[in-house]
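Please work through the exercises below with the sequence and the model at hand. Each task is followed by a solution in steps.

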Amino acid sequence: MIAEQYGIAFPGQGIKAQTLLCALWAHVRHPLVARLLTTFGAADPEALDLGDTSVVQPATFAAGLAAADTAFGPDHCPPVALGHSLGELTAAAYAGFLRIDEGFELAVDRGRLCHDQSRRRPGAMVAIVGADAGELEWLRRSVVAEHGEILDVAGLNSARQTVLSGAPEAVAAAVRIAEEQCLRAEVLPIPGGFHSPLMMDAVPAWRRRLESADFRPSTTRFVSAIDVRPHTDPVQVREQLARGLVLPVRWHEAVRTVRDLGVPGLVDAGPGTTLLKLGRRARILEFTGLDALPEPVPPG
């Protein structure tokens, strides 16, 4: 089956609330979604606060794994797994580097840590579209010079889309300057300055939590969007998850790594179609969604 030759990819928390809600309803009978509801004392997905990072992160984890499990079954072993931001934790669990239930508990703890850190050091994120590297860095340094606040590259999604993360005032200034330069700026539905120095204070607690988890080797390669390398060593997988709170998501490069490994395509497990859209625009390798897997190629 050609789908078994494809890698699998999981998104981060930058999913619209309605999209995430629909994904949870679609798999509401799955044990992982049921566990999510029990964890937050919710009778159904409508009762979840999908504007709260501490809820959104484990909800995104649960929805993605429930969808992949439903599509492929429990014994699926893709050649590679990767994720965008929080999706790296989902990918590590799906690839078998840790048990699914322990991965869910880590997602709960990660969400809580990110929520608490964002309250201590508020931040925001914005996607800038249409700027090359030089234009983007000029914009970023102009904001830092004007405001003296943190504004850093948080995500390299494609050759023409970069996410900046930092203090709310700096993000607002970045939007203004981008518009003046005829660039498109979209503030993301993420209440925090993730993948920036604003998250550094949360790293020690997150690292301790990861070290308490039982990571183990896997035959599925984990392609990190943090160092854009393939890993089968659980120690290295854990380290990339720890650094991922602060370092940028190098998504564009990670997809190139998958291609260079000889993997013919990636399945965006969702929730949503963010990675599918990025992949089809970049045209680095084939991308598909769970609802449109390619047909098997007959032998011979």
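The exercises that follow concern strands, helices and single residues of a predicted model.

**Exercise 1. The open sheet**

Determine in which order the 6 strands of the open sheet are arranged, and which strands are its edges.

Solution.
- Step 1. The order of the strands is β8-β7-β2-β1-β9-β10, and the pairing in this sheet is mixed.
- Step 2. β8 (230–231) and β10 (286–289) each pair on one side only, and they are the edge strands.
- Step 3. At the β10 side, strand β9 (residues 265–268) runs parallel to β10, with 4 bridges joining the two. G265 stands opposite E286 in β10.
- Step 4. Helix α4 (residues 87–95) lies across β1 (7–10), β2 (80–83) and β7 (221–223). The helix runs at about 155° to β2.

**Exercise 2. The surroundings of strand β3**

Establish how many residues of strand β3 (residues 124–129) are buried, and find the sense in which β3 pairs with β5 and runs relative to β6.

Solution.
- Step 1. Of the 6 residues in β3, 5 are buried, which leaves the strand mostly covered.
- Step 2. Strand β5 (residues 161–166) pairs with β3 in the antiparallel sense, over 6 bridges. Within this pairing, M125 has S165 of β5 as its bridge partner.
- Step 3. Strand β6 (residues 184–187) is also antiparallel to β3 and is joined to it by 4 bridges. Here V129 stands opposite R184 in β6.
- Step 4. As background, strands of a sheet pair through backbone hydrogen bonds, either parallel or antiparallel.

**Exercise 3. Two helix crossings**

Describe how α8 crosses α9 and how α3 crosses α4, and state which residues make each contact.

Solution.
- Step 1. Two packed helices are described by the angle between their axes and the distance between the axes.
- Step 2. For helix α8 (residues 203–211) and helix α9 (residues 234–243), the axes come within 9 Å and cross at roughly 155°. Because angles over 145 degrees count as roughly antiparallel, α8 is roughly antiparallel to α9.
- Step 3. This crossing of α8 and α9 is right-handed. On the α8 side the contact is made by V203, W206, R207, L210 and E211, and on the α9 side by R238, E239, L241 and A242. These residues divide into 5 nonpolar, no polar and 4 charged.
- Step 4. For helix α3 (residues 53–72) and α4, the axes come within 10 Å and cross at roughly 35°. The crossing of α3 and α4 is right-handed.
- Step 5. F61, L65, A68 and F72 of α3 meet L89, T90, A93 and Y94 of α4. The division for this contact is 7 nonpolar, 1 polar and no charged.

**Exercise 4. Two single residues**

Decide whether V153 is buried or exposed, do likewise for E102, and list what each residue touches.

Solution.
- Step 1. V153 lies in strand β4 (residues 151–158). Its relative accessibility is 18%, so V153 counts as buried, the cut-off being under 20%.
- Step 2. Leaving aside residues up to four places away in sequence, V153 touches L136, R140, T162, V163, L164, H195 and P248.
- Step 3. V153 and L245 are 92 residues apart in sequence, and 13 Å separate them in space, C-alpha to C-alpha.
- Step 4. E102 lies in helix α5 (residues 100–120). With a relative accessible area of 12%, E102 is buried.
- Step 5. Under the exclusion of residues up to four places away in sequence, E102 touches S212, A213 and D214.

Terms used:
Residues numbered from 1 in each chain as written. Predicted model: local features only at pLDDT ≥ 70, side-chain atom pairs only at ≥ 80, totals over all residues. Heavy atoms only, no water. Buried < 20%, exposed > 50% of the residue type's maximum accessible area, 1.4 Å probe, protein only. Pairing = 2+ DSSP bridges. Contact = heavy atoms within 4.5 Å. Axes fitted to C-alpha atoms, helices over the stretch in contact; angles between N-to-C directions. Parallel < 35°, antiparallel > 145°, perpendicular 65-115°, else oblique. Left-handed = near helix turned anticlockwise from the far one by under 90°. Nonpolar A, V, L, I, M, F, W, Y, C, P; charged D, E, K, R; others polar.
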